[in-house]
Amino acid sequence: MSHLDRARRQLKAHPLALDAVLAAGVLVCMVAGSFVDPGRHRGVSWSLRTPDPLSLVLITLGAAALVFRRRAPLVILALTGGFSLVEAVTSDPRAPVAMTAVIALYTVASTTDRPTTLRAGLLTMTVLTGASMLAGPLPWYAQENLAIFAWTGIGATAGDAVRSRRAFIHAIRERAERAERTREEEARRRVAEERLRIARDLHDVVAHHIALVNVQAGVAAHVMDKRPDQAKEALAHVREASRSALNELRATVGLLRQSGDPEAPTEPAPGLDRLDELVGTFRNAGLHVEVARADNGTTLPAAVDLAAYRVIQEALTNVQKHAGTQAKAEVSVVRVGPNIEITVLDDGAGQDEGPVTGGGHGLLGMRERVSALRGTLTTGPRYGGGFRVHAILPVKTRTTVTAQPGDPV
């Protein structure tokens, strides 16, 4: 970094010192200009002259006032304007005291708003130019009078342009920061939603298969001594359920892998086309399940198909866990207008329905799945015993709801 850049940075860090340097430079320019006589009576000629003592005093006072131009712009404009007014009506030839008023007007325009700039600029221009033309010792058409008019207008315009540029740059930076914050918030929201979907899918997989394993293991332990063939069959179901659980867990956890990790399984997400297979696992565990379908082979979007499958899976899992060993379940899938309706009924005693009515993770997961697709879910005890789960899912989802095969919903 050069010495000039270092000095510039230090001056920007100390604005009062920067204004003092500016005031000193303006003082030198005005003193030098006060000794020059433009020679207006004989064409363009220049000569030296001795300025009036009052002009030197006004020059010094105006330069000193500029040191504090940032702290009180309007006050400094009033002071420098007053000094310039006195110089305009008393001196001939004039000293360039109006330079201080032009700089003060520039400061007002660059640090305030446009209405204030317009009022201050018009007032300064009118007072100084009018006083010079009407009360000054020079003719009203003298070039010094026109110069005051021009330079005050230039000072106000330049200051307003600088202020507009600063506001534009600030708006761009603020917009970029706001966009960055919005992107970060959107990324955090998407991460949270993805975690919730994966957790919900893990719960569905684990709860279903562990419930089946628990039932089949209990059957095997009960008949191990008296009916070893039935115990062997139950253990085979345990092995099959555990293998299915591991496969689904592997597929779900594969969604968490990074781009450089081994490729995740690409098996399609389960849907209603695997409903018979799902019901078969519960029947093998000893639950009596009846299925009725009247969806007329409707092809569902992947998200709706997966949600319908998971609702039935979770509802039958709750029947298996809470409704008792003698319970019967009925599953119906019906196409009604633009919706597909899923109903799961059981006739169990429901003595262990605490997790269901108390907001357990199973029903909470079902409700979130259905709500995410703009559907509705109603659950509750049936009159005379048992429990009812009823879900209404739209066949056509909105464009905001997307899903790819294999994604949890």
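Colleague: Let's start with a charged pair: how far apart, N to O, are the side chains of D295 and R293 in their salt bridge?
Modeller: Happy to. A salt bridge here is a side-chain nitrogen of Lys or Arg within 4 Å of a carboxyl oxygen of Asp or Glu. The side chains of D295 and R293 satisfy that, with an N to O distance of 2.6 Å.

Colleague: Before we go on, what kind of model is this, and which pLDDT do side-chain atom pairs need?
Modeller: Residues are numbered from 1 along each chain as its sequence is written, and side-chain values use heavy atoms, leaving out hydrogens and water. This is a predicted model, in which totals for chains, interfaces and linings use all residues, local features need pLDDT of at least 70, and side-chain atom pairs count only at pLDDT 80 or more.

Colleague: Is D295 buried or exposed?
Modeller: Buried means under 20% relative accessible area, exposed means over 50%, and partly exposed lies in between (1.4 Å probe, protein chains only). Its partner R293 has 40%, so R293 counts as partly exposed. D295 has a relative accessible area of 6%, so D295 is buried.

Colleague: How many salt bridges does the whole structure hold?
Modeller: Some residues join a network, as D19, R69 and R70 do. In general, side chains of opposite charge can pair when their charged atoms come close. The search of the whole structure gives a total of 10.

Colleague: Which helix holds both D160 and R163?
Modeller: Their side chains form a salt bridge, 2.8 Å from N to O, and both residues are buried. Helices (H or I, at least four residues) and strands (E, at least two) are DSSP runs numbered from the N terminus. D160 and R163 are about one helical turn apart because they sit 3 residues from each other in helix α7.

Colleague: What is the relative accessible area of R189?
Modeller: R189 forms a salt bridge with E186, their closest N and O atoms being 2.4 Å apart. Both lie in helix α7, 3 residues apart. E186 is partly exposed at 28%, and R189 is partly exposed too, because its relative accessible area is 37%.

Colleague: On to the nonpolar side: which helix gives the most residues to the largest core?
Modeller: A nonpolar core is a set of buried Ala, Val, Leu, Ile, Met, Phe, Trp, Tyr and Cys residues joined through side-chain atoms within 4.5 Å. The largest has 40 residues, and V289, I312, L316, I340, I342, V389 and L393 touch the most other members. Elements supplying at least two residues each include α7 (143–223), β5 (339–346) and β7 (387–394). The top contributor, with 10 residues, is α10.

Colleague: Which histidine does I342 touch?
Modeller: Contact means heavy atoms within 4.5 Å. Leaving out residues up to four places away in sequence, I342 touches A308, V311, I312, S332, V333, V389 and A391, along with H390.

Colleague: With which side chain does that of H390 make a polar contact?
Modeller: H390 is found in strand β7, and H390 counts as buried because its relative accessible area is 11%. A polar contact is a pair of N or O atoms within 3.5 Å; within protein, one must be able to donate a hydrogen and the other to accept it, and residues adjacent in sequence count only if both atoms are side-chain atoms. At 2.9 Å, the partner of the H390 side chain is that of T343.

Colleague: Which residue in β7 stands opposite T379?
Modeller: Two strands pair if DSSP finds at least two bridges between them. β6 and β7 run antiparallel and are joined by 6 bridges. They form a hairpin with 5 residues between them, and G384 in the turn has a positive phi of about 95°. Opposite T379 stands V389.

Colleague: What is the phi of R374?
Modeller: R374 is found in the loop between α12 and β6 (376–381), and R374 counts as partly exposed because its relative accessibility is 46%. Most residues other than glycine have a negative phi. R374 has a positive value, near 65°.

Colleague: Last one: how far apart are the end C-alpha atoms of residues 16–36?
Modeller: UniProt, in an unreviewed entry, places the feature "transmembrane region" at residues 16–36 and 48–68; its positions follow the numbering used here, feature names are shortened, and annotations may be inferred rather than shown by experiment. The span 16–36 is 90% helix and 5% strand, and its end C-alpha atoms lie apart by 31 Å.
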